[in-house]
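This report examines one helix and one strand residue in their surroundings. Please keep the sequence and the structure in view while reading.

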Amino acid sequence: MGKRSVLLFSLAVLCGCATAAGYKKAVNSWVGVDMDILVNSWGYPTRTFAAPNGNTVYEYLKSDSYNTPTYTSYNYDPASKTGNATTYGGETITVYCRTFFETDSAKKIVKATFEGNGCRSK
């Protein structure tokens, strides 16, 4: 197994069984709940805005960036007495999850949606 494969496997293990489907289920479980209860659980939203239908939308944003480790592979050919080095990794990866809860005039959550590459839950 190559070093890149080991890195990807390690990331998968660290993530466990967290999936976007699990996150969708968790977020949708809030539909029908009073928004004040969600705020007590999730904290204050990143921002709020009016939906075109007059409802209020609460947005939560979570983001993180990290750098992958670097690996250098060295090759040497004794016959030609030449060698080279190749470095892999060192990329910056950004993950984010933007979650929206739409509430009616009674502050009941009527719709929940999300977007992003970091929306995961068990």
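## The buried side of helix H3

In this predicted model, helix H3 spans residues 35-42, and its buried residues are Met35, Leu38 and Val39. These residues lie on the same side of H3, because they cover an arc of only 100° around the axis.

What lies over this buried side? The cover of the buried residues of H3 includes three strands: S2 (56-67), S5 (92-103) and S6 (109-115).

## The two ends of helix H3

At the start of H3, Asp34 directs a side-chain oxygen towards the backbone of the helix: this oxygen comes to within 2.8 Å of the backbone nitrogen of Asp36.

At the other end, Gly43 follows H3. The phi angle of Gly43 is positive, near 90°.

## Glu59 in strand S2

Strand S2, which is part of the cover over the buried residues of H3, also contains Glu59. Is Glu59 buried or exposed? Its relative accessibility is 3%, and the limit for a buried residue is under 20%; Glu59 therefore counts as buried.

Two arginine side chains make polar contacts with the side chain of Glu59. With the side chain of Arg47, the distance is 2.4 Å; with the side chain of Arg98, it is 2.7 Å.

When residues up to four places away in sequence are not counted, Glu59 touches Pro45, Thr46, Arg47, Phe49, Arg98, Thr99 and Phe100. Both polar partners, Arg47 and Arg98, therefore appear among these residues.

Conventions: Residues numbered from 1 in each chain as written. Predicted model: local features only at pLDDT ≥ 70, side-chain atom pairs only at ≥ 80, totals over all residues. Heavy atoms only, no water. Buried < 20%, exposed > 50% of the residue type's maximum accessible area, 1.4 Å probe, protein only. Helix = DSSP H or I, 4+ residues; strand = E, 2+ residues; numbered from the N terminus. Arc of directions from axis to C-beta. Contact = heavy atoms within 4.5 Å. Polar contact = N/O pair within 3.5 Å; in protein donor to acceptor, adjacent residues only side chain to side chain.
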